[in-house]
Each structure stands twice: as C-alpha cells, then as structure tokens.
Amino acid sequence: MALPFLSIPANIITNITESRLFGILWESLPRLLSYGIRVTVPLTIVSFILALLISVVVAMIQYADVKILRQICRFYIWVIRGTPLLVQLYLVFYGLPSVGITLDALPTAILVFGFNEGAYMAETMRGALQSVSVGQVEAGYCVGLNYIQIMWHIVLPQAFRTAFPALSNSLISMLKGTSMAATITVMEMFRQAQVINGRVYESLGLYTEVALIYLLFCTLLTWLQHKGEKKLASFGGTKK
Amino acid sequence: MMLKIRDVHKRFENTDVLKGIDLDVEKGDVVAILGPSGSGKTTFLRCVNFLERADKGTINFDGITVDMPTATKQMIHTLRKKTAFVFQNYNLFQNKTVLQNVTLGLTAGLHMNKAEARDIAEDALRRVGMADKLTSYPVQLSGGQQQRVAIARGLASSPEIIYFDEPTSALDPELIGEVLAVMRRLAEEGMTMLVVTHEMEFARSVSSRVLFMEGGYVIESGPTAEFFQHPKTQRSQEFIHSLLSARE
C-alpha cells in the first residue's frame, strides 16, 4: 500500500491533538458561523428570490410564446449557461467599471448569482410548465377563466410542484456557490476562513471547519426540501 | 332555436376532418353525436366550444351569430359562459380540492363571492352525489367520481347547454353506470345536452335526437326513435347493425 505521491508526516497524530489547532478552530467557529448566518444565508436567500422571479418570467414568456421576448430569453439562457460563473463575477465587478458601471461587491454578487442560477431555473420551470397537461388549460377556459387566471390558479401551482425538487437543488447549489463571492471581496463565510487562515496558517483545519458548516447549512435545506415535498404531495402524483 | 351551427369545416395538416357539419339544437334537446372512430365527432364538439378553431362555419347561440374562424377572444369568452364542457379524461384541476374545482369558475370566472359560490357548488355536488368528498383531491377519487365532479363543475355555472365529449370512454366498465345515471337525470330535468358517445343504449334511451357522422360528413340526422328503428341510409343501418351484433 505504498503511495509515493501521498506522503503523510509521521507526526500527524501529534499535530492534530496539539491544543493550538483546537484552540484556533474553537475560537473561529462563532466567527465563521456568524458570517454564515449574517452574510452567506441572506446572500443566498436574496439571490435565490431574484433567480426565482427571473426564472418564472423567462419560463412564462417561452411558455406563452411571446414572439421577440422569447428570442431574448433564449439568448439570455444561452449566454449565461455557456460562460463560467467565476468569469461572470469578474466581468461585472472588475470589468464593467472601465465602461463607467461600478457596483459594490455585495450587489454585484446578488445580481450575478441571481441571473446565473435564474437561467438554469428558467429551464427547470419551462419543463415543469410544459408538463402540465393541455387539458388543465382547456378546462380552465371552459369554466370561464382567462389566461392569467388559468396560469395563476392552475398551471403555475402544478408546475411549481413538479419543479420543487429541482429548484431545491438550485438553492443548495447556490448556497455553496456564494463562496465564490470571496473572489470579488465580499466578506462572507469562506472569505472569513481565508482571512483567519492568513494569520494562523491552518488550511486543513480551517477549510475542513468551513466545509462542515456549509454541510450543516445544506443539511438543513435538504430537511426543509423534504418537509416541503411532503406538504406538496397532498395533491397530484402520490395517492394517499 | 337555441343553437344553430352551419357548415363547419376543419382541416388538420393534410386531412379534412370536418367537411361541412350543420346542427340545430332546441332548448331541452339531448343530441347524441354518433359515428365510428375518426369520424370527426370530437373535433366537431371541440370546434363548437372553440377548443379547436374551425376553418369555416358559423354558430348562432341565442340569437348571437359568430363567424367561427374569426371570433374574437371576447366573443368566445361570452359564449363559453353560457356553456359547460365535460371532457373524456375529466380534466379536474389537479391542485384543487373537489369543492375548489367547482367554485373556481364561479369566484374567478363569474366574480361571485365565496359564500355564494360555496352554496352553489355544494348544491351542484349534491346533485351528482359527491357532496361527501368536498375536501378530497382528484387523485384520491375513482374515474367515475372524478367525472361526476366534472359534471358538477359544469352545472355550477348554470349553463344553457352542456357539451359532453365521450364522458364514459375513459372509465372502467363498472364505473360507467354512475356517470350515465347522472346524465340521464340531467336530461330528465330538461338540461340541453350535446353528447359525443359510444354508449348506444344511452343514446337510444336518453337522447331526443341523433347526429350520425362519418368521414367528416353528417350521414343522417333526426329524432332518435326514427334513427334506430328506420335508419334512412345504408351506412346508418350497417352502423346500428354492427353495434347491436357486437353486443351479443
């Protein structure tokens, strides 16, 4: 079992049990948690709401086949899905100031995360809208509803239910993705870990710690998703 | 004459599905639209309620004449408020309870207040024997129960006519009876109905008139008794004969 490229120092056990590392991790925990709760979570929520709004509008424009707007939506999805998130962040934060558009780091992060995930979620929503049977719409017209009422009362709620697991995926992915905001100077949880590490040089310990906090947050979201799916299961799909 | 439909044509791709259909419906009539599969019966019914856009034809409803290919959204909306449509596969709103399925059209479509809508809906559901399932969702009901709720949804808006598009074709054989019983009662109460159906016994005993279609044409149209006892055309004779012999 010789792994020549993986050299584990003989003193690893003593290193880990060394009280200095534990002290650092213990002391940085409330600080990391606080940045997680005060910055990472709100950044995720606001960006996600923005993404959700964008995705619903973009999906509905395509569903209703609004002529020119539809082309614009396809273009938006094509560009956003075809370029890396990191590049988009850099472009807006470091690139746009040279043409006179200067945004603060946090608003930049919210906009980029929102528009980025919005493109993926728009496709999720479009698929979900198309999965609602035409008969539901026809029945809506036949009982005297107009298009907007049919969308609001019948099609959107059913599409949302179908899209819920995939949207939850997007939310979880976005929560982790907010760590990229560190690259454009947003003081969020991961950036905090970097800052602390800059002083104490405990990369393994600190990045493990921050990873575990992300894992904790995502576990909470997974639990919420489970709750939500149970609630939505009361109509359609699963028989009681 | 309550409903006067003239010269309806409809073409899908390269196929002429309807080649000039006429139909008159008097108040209180129950018209059975019969014919072999692919004869255009369902398409005709869907054109009459503008679920498909006819390429040619006029419809006169209570004195209002509408050109079918060019009717405006507003005009279609006005006509639909006087009618109800019952689908082959029920099309109950999956995200709504039984009660909400019936009230939605009343509150959102006809701008009734909630209490009034609820009263009317409960009454309509009582008439189809579904008043004990108000809070159930469609997936929790059998096909027959769903179709009865769909009929109640149609009844609730007090339509002048109800269109039925093969209302029992998707049902298990043992569930057909309960739906036909509801329809039979409606007919007895004087409801005007236009029914696309394969249920010969129902057509024979309930309908007042028959429209027999094949290949996009009306082959024969007339009072039910006459159609079944003395069919005028060779084709109707064959059709009736084949159905009766299939039954044995």
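**A chat about a predicted model**

Biologist: Is Thr192(B) buried or exposed?

Modeller: Thr192(B) is buried, with a relative accessible area of 1%, where buried means under 20%, exposed over 50% and partly exposed in between, for a 1.4 Å probe and protein chains only. This is a predicted model, in which local features need pLDDT of at least 70 and side-chain atom pairs count only at pLDDT 80 or more, while totals for chains, interfaces and linings use all residues. Residues are numbered from 1 along each chain as its sequence is written, chains are lettered from A in the order in which they are written, and side-chain values use heavy atoms, with hydrogens and water left out.

Biologist: And which residues is Thr192(B) in contact with?

Modeller: Leaving aside neighbours within four places in sequence, the contacts of Thr192(B) include Met2(B), Val25(B) and Ile161(B), contact being heavy atoms within 4.5 Å.

Biologist: Switching topic, how many disulfides are there over all chains?

Modeller: The count comes to zero over all chains, a disulfide being a pair of cysteine sulfur atoms within 2.5 Å.

Biologist: Why is there no bond for Cys47(B)?

Modeller: The closest cysteine sulfur to that of Cys47(B) is in Cys142(A), and at 13 Å it is too far for a bond. Cys47(B) is also buried, with a relative accessible area of 1%.

Biologist: What about Cys73(A), buried or exposed?

Modeller: Cys73(A) is buried, its relative accessible area being 6%.
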